[in-house]
Amino acid sequence: MGGAMEMKKRINLELRNRAPEKVTELVLDNCRSSNGEIEGLNDSFKELEFLSMANVELTSLAKLPTLSKLRKLELSDNVISGGLEVLAERCPNLTYLNLSGNKIKDLGTVEALQNLKNLKSLDLFNCEITNLEDYRDSIFELLQQITYLDGFDQEDNEAPDSEDDDDEGNFPKYSMARSSVLCSSAFDLIPGVLTEAVPPFPCCYPTANETCRYRSVSVWLQTSLSVS
């Protein structure tokens with residue numbers, strides 16, 4: 001990630017001259033954190049409901065600001081191994097948390113999420129903790145408030161796409177838990193729609209004739225992609 005944009009600069013780009021308190025969604029995927037710490041985010045982002053910081057080399061959440069309206073937090077493919085108690089203190093209304101691809105190893109680390117009383121969906125896919133015996137039963141017992149773990153409930157029913165669920169804030173489903181595909185560019189697929197280049201970003205890459213979702217710098221886009 002040597003050539004990746006610094007997180008602070010990426011935030012300024014995403015703002016597009018808007019005041020931080022006007023922003024409800026912020027996507028910082030694939031930028032570079034400051035020595036593993038969050039940089040450039042502060043309490044002025046008080047209206048933020050969706051925050052994505054996938055693949056930014058985060059090791060710590062200590063500098064996460066208070067975001068009382070945040071409902072969805074994407075932290076996949078980082079190097080986080082603990083310190084999750086910060087989430088309940090500063091983002092008490094989280095309903096969806098993606099920690100897939102991090103360094104979460106044991107139940108004691110996840111126990112800190114018990115205080116996220118509104119948490120409904122948790123992703124720990126590709127974390128070492130998933131290798132524990134009775135992993136799923138143990139997590140559901142520990143975090144009795146959640147409905148979905150790694151995209152499925154206790155009866156192995158798949159979580160619905162969140163855009164079909166008014167209670168989930170109308171955000172498109174965006175999870176690395178079910179996909180490791182990186183889209184190199186949306187230009188090839190949606191010519192004339194994007195007005196500026198965006199870096200490669202993770203997306204869900206579904207079966208034929210289903211919906212493949214892409215995100216530009218700050219605008220949600222949806223398109224159908226036929227996979228042969």
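Q: What makes the 6 strands an open sheet, and in which order do they stand?
A: In this predicted model, the strands follow the order S1-S2-S3-S4-S5-S6 with parallel pairing. Strands here are DSSP runs of E with at least two residues, numbered from the N terminus. Strand S1 (25–27) and strand S6 (148–149) stand at the edges, each with a single partner strand, so one side of each has no neighbour in the sheet.

Q: How do you know that strand S4 and strand S5 pair?
A: Two strands pair if DSSP finds at least two bridges between them. Strand S4 (residues 96–98) and strand S5 (residues 121–123) run parallel and are joined by 3 bridges, so the definition is met. Tyr96 stands opposite Ser121 in S5.

Q: Why is Lys22 called exposed?
A: Exposed means over 50% relative accessible area, buried under 20%, and partly exposed in between (1.4 Å probe, protein chains only). Lys22 has 62% relative accessibility and therefore counts as exposed. Lys22 lies in the loop between H1 and S1.

Q: Which residues touch the most other members of the largest nonpolar core?
A: A nonpolar core is a set of buried Ala, Val, Leu, Ile, Met, Phe, Trp, Tyr and Cys residues joined through side-chain atoms within 4.5 Å. The largest one has 46 residues, and Leu51, Met53, Leu97, Leu122, Leu124 and Ile139 touch the most other members.

Q: How are these values obtained?
A: Residues are numbered from 1 along each chain as its sequence is written, and side-chain values use heavy atoms, without hydrogens and water. Local features need pLDDT of at least 70, and side-chain atom pairs count only at pLDDT 80 or more, while totals for chains, interfaces and linings use all residues.

Terms used
Helices (H or I, at least four residues) and strands (E, at least two) are DSSP runs, numbered from the N terminus.
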